[in-house]
Every structure is written in structure tokens, then in C-alpha cells.
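Reader: I've got a structure open and a coffee in hand. Could you walk me through it, one question at a time?

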Amino acid sequence: MAVNIAPDTAAARSAQQDGASVLEIASLLTGAGANCEVGLPDGRTLRFGKEEPAFKIVFRTDAALKTPLTEMALGSAYVEGRIDFEGDMREMLDVRDHLAFGTTLAQKLRFAYELLLKSPTKVNRKAIHEHYTLGDDFYLTFIDQRYRFYSHCLFHDAEEELEEAAEHKLESMWNALGLEPGMRLLDIGGGWGGVTEYCGARGVHVTSITLVEDSANYIRALISEKKINGEVILGDILDLEVAEPFDHAVIYGVIEHIPNYARFCARVWDALKPSGRLYLDASAVKEKFAISPFTRKFTWPGHHSFLAVQDMVRELLLHGFEVVEVARETRDYELTITHWAERFDTAREEIVARWGEETYRAFRVFLWGGAHAFKTNRLQAYHVVSERRADPGPRPGFARRAAGFVGSMV
């Protein structure tokens, strides 16, 4: 039986008769000013807001109604099929601003352990393996089809196709590094060979380093098929030692997996010639290590951390680099991930058939949640260009950093 109740006061009165859990849901939706419907296990529907409903939340069982109202709990209930979301995901995600994260103590302790006590290369390898075990075909259902970037593209205007924006991303890097035929470029991450394909076709030798075996195989096949002058190293940038320094380096959307910026900057300094440039882009947060527990559980395990641009700039300066440019690209990431989410939803039938309903739901929240985060400034995006100087920089150790901190407080 459907009971469409409006305005909000009527919905709240009805919810109060159903018990504390429904009343809490009603209070949340009313406080958020949501125009929506709530489907109850007995078939009734409660309606909130004065306008047409933009989405509907369906609680499948009485137990589902008792789900804690946190990002973590509600997201998990959706992935597991105890709750359904119907309608406009962007409107529904506005409610998220009224929810606590719901991070558990166990999650906090595990993150601290992996960050502080475990080898960063081992944590990286495990986390990357867990995320990319779905295979190339999965990601290629929603990323751009021209250069296959799993990081944000650059839009000259909002009406451009994703594939055009992917080419602009490469144009930006090419110009910022001053690449020329005959140069050697280090591509940190590799992905599905977009940098190799674009730069290799223009006479630049690209060396890609990646932790993902599927990625390495994909790029090698691309090099062979298109007869591009390039190579692939299966390994971690933090372990990389080079016989001959590179002219320049690029890292697209990979620094999120490398929270130890000091070690990263030292390794890249060693890998570059004097005056060699590094082009880095990434999704970013205002405070390092801020991340939804849902994302850490279902999407990016390990010590995945969005870029803290202020910390990265500091470490670059301390490790022999001069910062040439910092550019904001938050709107570009919002547009990129919105394209991904729309393509992902279009491919729902194939994705569910091949990878399962839970995988579809988990990535759907990740993609639409990301679009919402960039729109609301929860997440930002930047590119940073820096240039290696001859001097390796002061590279302060722990004691010197601690003394500097104390001195600044006096």
C-alpha cells in the first residue's frame, strides 16, 4: 500500500508511529530538505519535501530500517542489497552532508598500522592488486576510449566529449614539460598506455613503471601493435634505480597511493636530469588522510590518501625541486567522473552479468559519490609542475623537522 504523505510534518507524524528507527530517518531527510520517498518493508511509501521526489530509498527488511545513519553503514547496506536507491543519485547524495562518516576504531587502527609500521611498497602492491583484480575490461566500460585515463581529463568547455578532454590532458603535460622528439620520459603509473601512445607517436621514448601486471601487459601489447619506442617496468617507483636519468617525468592520479611524499620526491629527484620536470596531477583534500571509510573499505584499501597539495609542495621544495606551476582542476574532475558514472550506469547489465551486483553497486557509489564530492568541494583536483635543481635540497630528518616545529611555536 502506498501512502504518499506531504508536507514533511505529516510524514514525521506517520514515522513516529512506526518507531524510533523510522523517526530517525524522517528527521534526517527533513533536516536535509530532501524531496524524496522512503519505501518501507511493508510496502508503504512515505514522502518528504514539497516538490516532486527526486529519489527513493527502499528499505527491504525491518532489520535494514535499523541501519545506523552513517555513510559507512548506509553505503554497506546498499552494496549488500539491504537498501536500494532509485532515481537521481546526485540529489540523493546531498543527504550525505548530514551524515557522520562512521569510521570504526578497527579501521583507524588498521590504517595507522599500514601507514606507520608496514613497508610502503608492500602496502602499495597489495592495495593496487585488490583494486585492479577486476581486469582491463571492467575499467574500459566507463573510462575514455581514446587514451584510457583513470584520472581526470581537462575540458576546454563542459560540452566536450570525454575523449577530447583526455587529449587536452596530454597536451597540457606535453607543453608544461617542453617535450621534444628524442627525449626520454618516465611515466609513473602507466595505466592503459595513454602517455606511451601519445608521446611515443611524437618521437618521445616512454618508460612506464607500474605495479599492475595487467597494465604492464596492456602497454607492452600497445607498444608492439603500434610500433612505439617504449618499455615497461613492473615495479614500484619507491624502489626504482636508473642507470641513465630521464629528461622528464609524469605521474597521473597515482600519488594518492604514495602518502610518503619525502621518499617519493627523493626517488624522482634521483631519476631526473638537472632541470628535468615532473608533471603531477591528482584528486586532493584540504587535510591529508581525510577519506570516507566506505571508499577505504570498498574501493581503495591500504593507505590510499588523496593529495595534500600543501604538503607535496613543501616536500618538493625540501628535496631539490622548484615549483613552477600549481593549477586548480576540480571542475575538470567533476566533469570527468560524471562521464564515468553515466557510462557505468549505461553498462549496468554487462557489469552485473560479468562482475556481480555487489561490484556494480560499490563502484556506482564510488563514482557518483566522487562527482558529488568534487561538486561540493569535499574533494579538489590540481596539477603541479616542478623542476629538478642541481642542489638536492635540505632534506631534513625527523629530529630537524621536530626542532623546526618547536622553534616555530616559540
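**Charges, pairs and a hidden helix**

Author: Let's start with Arg348, which counts as partly exposed at 36% relative accessibility. Bear in mind throughout that this is a predicted model.

Reader: Which residue forms a salt bridge with Arg348?

Author: The partner is partly exposed too, with a relative accessible area of 28%. The closest N and O atoms of the pair are 3.0 Å apart, inside the 4 Å cut-off for a salt bridge. The residue that pairs with Arg348 is Glu357.

Reader: Which residues are linked with Arg348 and Glu357 in a network of salt bridges?

Author: The network has Arg348 and Glu357 as members, and it also takes in an Asp and other Arg residues. Besides those two, the linked residues are Arg60, Asp84 and Arg361.

Reader: How many salt bridges turn up in the whole structure?

Author: The chain has 410 residues, folded with 18 helices and 11 strands. A search of the whole structure gives a salt bridge count of 24.

Reader: What share of the chain's residues is buried?

Author: Buried here means under 20% relative accessible area. The accessible surface of the chain comes to about 18200 Å², with 51% of it belonging to carbon and sulfur atoms. Of the 410 residues, the buried share is 55%.

Reader: Is helix 4 largely enclosed or open, and how many of its residues are buried?

Author: Helix 4 spans residues 71-79, and its buried residues include Met72, Leu74, Tyr78 and Val79. Following the helix is Gly81, with a positive phi near 85°. Helix 4 is largely enclosed by the rest of the structure, because the number of its residues that are buried is 9 of the 9.

Reader: Glu71 lies in helix 4, so which residue does it pair with in a salt bridge?

Author: Glu71 is buried, with a relative accessible area of 8%. Its partner is partly exposed, at 29%. The closest N and O atoms are 2.9 Å apart, and the partner is Arg378.

Reader: How far apart in sequence are the parts that Glu71 and Arg378 tie together?

Author: Glu71 sits in helix 4, while Arg378 is in the loop between helix 17 (357-375) and strand 11 (380-388). The pair therefore ties together parts whose separation in sequence is 307 residues.

Reader: And what is the sequence separation for the parts tied together by Glu167 and Arg146?

Author: These two side chains meet in a salt bridge at 3.0 Å, N to O, and Arg146 is partly exposed at 35%. Glu167 lies in helix 9 and Arg146 in the loop between helix 8 and helix 9, so the parts they join are apart in sequence by 21 residues.

Reader: Glu329 is buried yet has no salt bridge, so which side chain of opposite charge is nearest?

Author: Glu329 is found in the loop between strand 10 (321-328) and helix 15 (330-346). Among the residues it touches are His152, Tyr279, Asp281 and His383. The nearest side chain of opposite charge is 6.3 Å away, beyond the 4 Å that a salt bridge allows. That side chain belongs to Lys169.

Reader: Which residues gather with Glu161 in a patch of negative charge on the surface?

Author: Glu161 is in the loop between helix 8 (136-139) and helix 9 (162-177). At 45% relative accessibility, Glu161 counts as partly exposed. The residues that gather with Glu161 in the patch are Asp157, Glu159 and Glu164.

Methods: Residues are numbered from 1 along each chain as its sequence is written. This is a predicted model: local features need pLDDT of at least 70, side-chain atom pairs count only at pLDDT 80 or more; totals for chains, interfaces and linings use all residues. Side-chain values use heavy atoms; hydrogens and water are left out. Helices (H or I, at least four residues) and strands (E, at least two) are DSSP runs, numbered from the N terminus. Buried means under 20% relative accessible area, exposed over 50%, partly exposed in between (1.4 Å probe, protein chains only). Lys and Arg count as positive and Asp and Glu as negative; His and the chain ends are not counted. Contact means heavy atoms within 4.5 Å. Patches are made of residues with over 30% relative accessible area and no salt bridge: like charges are joined within 9 Å, nonpolar side chains (Val, Leu, Ile, Met, Phe, Trp, Tyr) within 5 Å. Accessible areas come from the Shrake-Rupley method with a 1.4 Å probe; for residues, only the protein chains shown count as cover. The place of a charge is taken as NZ of Lys, CZ of Arg, CG of Asp or CD of Glu. Lists of a residue's contacts leave out its neighbours within four places in sequence.
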